[in-house]
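Biologist: I am new to this model and should like a close look at a single part of it. Please begin with one residue and then describe what surrounds it.

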Amino acid sequence: QFSQLVSSDLKVLGRSSYTLCSDGQLLIRQVLHPETSKKNFLLSDCFYSFYDLRKEFHTCYPSSAAVKDQTIKTMAEYLGLGTDETEEDFGVWQVKTMVAIIFSMLSESCNHIFTEPETVKYKYETGPCSKSETVDSETVIRARGLPWQSSDQDIARFFKGLNIAKGGVALCLNAQGRRNGEALVRFVNSEQRDLALERHKHHMGSRYIEVYKATGEEFLKIAGGTSNEVAQFLSKENQVIIRMRGLPFTATQEDVLGFLGPECPVTGGKEGLLFVKYPDGRPTGDAFVLFSCEEYAQNALKKHKEILGKRYIELFRSTAAEVQQVLNRYMSTPLIPTLPTPIIPVIPPPYTIATGSIRDCVRLRGLPYTAGIDDILEFMGDATADIKPHGVHMVLNQQGRPSGDAFIQMKSADKAFMVAQKCHKKMMKDRYVEVFQCSGEEMNFVLMGGTLNRSGLSPPPCKLPCLSPPAYAAFQTAAVIPAEAALYQPQALLPTTRTPQASAAAPPTVTYYPAQAAQLYMNYTAYYPSPPVSPTTVGYIAAPPGAVAAAATATHTPILPQPGALVRMQGLPYNTGMKEILSFFQGYQYAPDDYTGLIQLSDQARSVLQAPKEWVCL
């Protein structure tokens, strides 16, 4: 109705075109466009180009207040214009005052010319992004809580009214290559980014979306690519991308085109197909397909879970950034997978948790709960070179989840002091992290279950620790340095036995480094110290075969089994005996000579493992 009214008035004046002038950008960018998008209304062209009176006024009168502080009243007062706020109709006095301000700006004394209107993009433009591009961190946000099936167009619709850069939506994938409900969005300038942050906890359907600041490096890590094949595939603009997953490894281009059929023609035929392969050329079962319009893409999505060969095929909407991520991930896979080094005993333990009063450690407090080892190493920057091997210790709470604390062993007290000064209250993701210098003794107290606060040290709540596998798989991300689980013997963590036999000659202490799939955590009432992790040592500790044989012969201690050989049973009846356990596993192979585990334990720890509530079986 408004558009028709203005058009009829213009015809009387003999004109046909006009441009809106608004008091700021919020009404158009943050109200009209988002609301009409939710209600599926189409706005006329006049709402995609407008003049911001506040910006134009500041350009005309540079000595006036900053743009963000301008209001209609302050602009009128600057010009000495009166305002009549007695008008009862909504917005009438504001519009009349705006007209007076515009006439003053157009007068001969100012002779202001309205030349560069603000624009709102009609639609989101897809496109590739190269890792060599420079992305301003002031233009990137992270959206969290997205529906897993949402596409880049859905995200662009959520930010309707704001100008997203070409190819500026990057959906994030988890370690399994599936979407994790997060996306990085790049806007054309910082002003648009600031407006996007104001949509924090606005709704997409029935879900509210969290919006946070992000960096250009994070965006390039997700959306950037270097493959010429991918760049050529994505060079066709304004195409709809569909991802196919679960293809037979023998599937050819003709098979895929035949599966899609004539009702959804692929752009460019075979050139519109991109098969994802490993570096050695083996297929992964994934492919990306280009369609020229939404109708063809919808026809293709109707074939979701239809059969090709003997397999059902999954089809999803995709983005250019997802193409880059998937290709980058598979192309970075080594040709020969690195197998874990066989588990071996090391005599004596080369890495022990620090003790003593020397303040050569730092404590990180207030870490994001999603932070992993790689985030901590990135947070410390160049100081990672000064971390002792296996010197990063994450502290977990009673539920086995990150507590927000971590301890790091540095090579000297001076290095610890420098890190504390440099990194204190530095930002990690969306939180600032406090960094304090501390001693190895203080670190040990917390890792053993005590607390460290301003009033001093509080001892651990229990003296006898219990051995238990983790109840929560923490830090399992693709980019995390492998956390080598280590079980330390009495000198390091377990208290010595108080029985008379303790004075007898004991075999030398053996430290085992099981593979990642068989991680062991020290379970305490207050905290769970995580396995020591080294920023420099990624593999497992190796020793010559002769040393292994000598150690096994000298200590008569069997080596830990391969991952998967050790199982834990929970929820057993309290009256369960060994006969019932063996009967439960009837039909499965087990080692009948040793039912108490393979780890050399003190009598106290062994009695804990033999308690009837839990059995550790081989």
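Which word applies to Thr319, buried or exposed?

Modeller: Thr319 is buried, because its relative accessibility is 1%; buried means under 20% relative accessible area, exposed over 50%, and partly exposed in between, with a 1.4 Å probe and protein chains only. The model is predicted, so local features need pLDDT of at least 70 and side-chain atom pairs count only at pLDDT 80 or more, while totals for chains, interfaces and linings use all residues. Residues are numbered from 1 along each chain as its sequence is written, and side-chain values use heavy atoms, with hydrogens and water left out.

Thr319 sits in the loop between β13 and α12; helices (H or I, at least four residues) and strands (E, at least two) are DSSP runs numbered from the N terminus. Its side chain reaches the backbone nitrogen of Glu322 at 3.0 Å, where a polar contact is a pair of N or O atoms within 3.5 Å, one able to donate a hydrogen and the other to accept it; residues adjacent in sequence count only if both atoms are side-chain atoms. Leaving aside residues up to four places away in sequence, Thr319 touches Asp152, Val169, Leu171 and Ile241, contact meaning heavy atoms within 4.5 Å.

The strand before this loop, β13, belongs to an open, antiparallel sheet of 5 strands in the order β10-β11-β9-β13-β12; two strands pair if DSSP finds at least two bridges between them. Its edge strands are β10 (273-277) and β12 (306-308), each pairing on one side only. On average, neighbouring strands of the sheet are turned by 35° against each other, direction ignored; axes are lines fitted to C-alpha atoms, for helices over the stretch in contact, and angles run from 0 to 180 degrees between N-to-C directions.

Within the sheet, β9 (residues 240-245) and β11 (residues 283-291) run antiparallel and are joined by 6 bridges. Ile242 has Val289 as its bridge partner in β11.

Two helices accompany these strands. Helix α10 (residues 253-260) lies across β9, β10, β11, β12 and β13 (311-318), at about 125° to β10. Helix α12 (residues 320-331) also packs on the sheet, touching β9, β10, β11 and β13, and its direction makes about 30° with that of β10.

To return to the starting point, Thr319 is thus a buried residue in the loop between β13 and α12.
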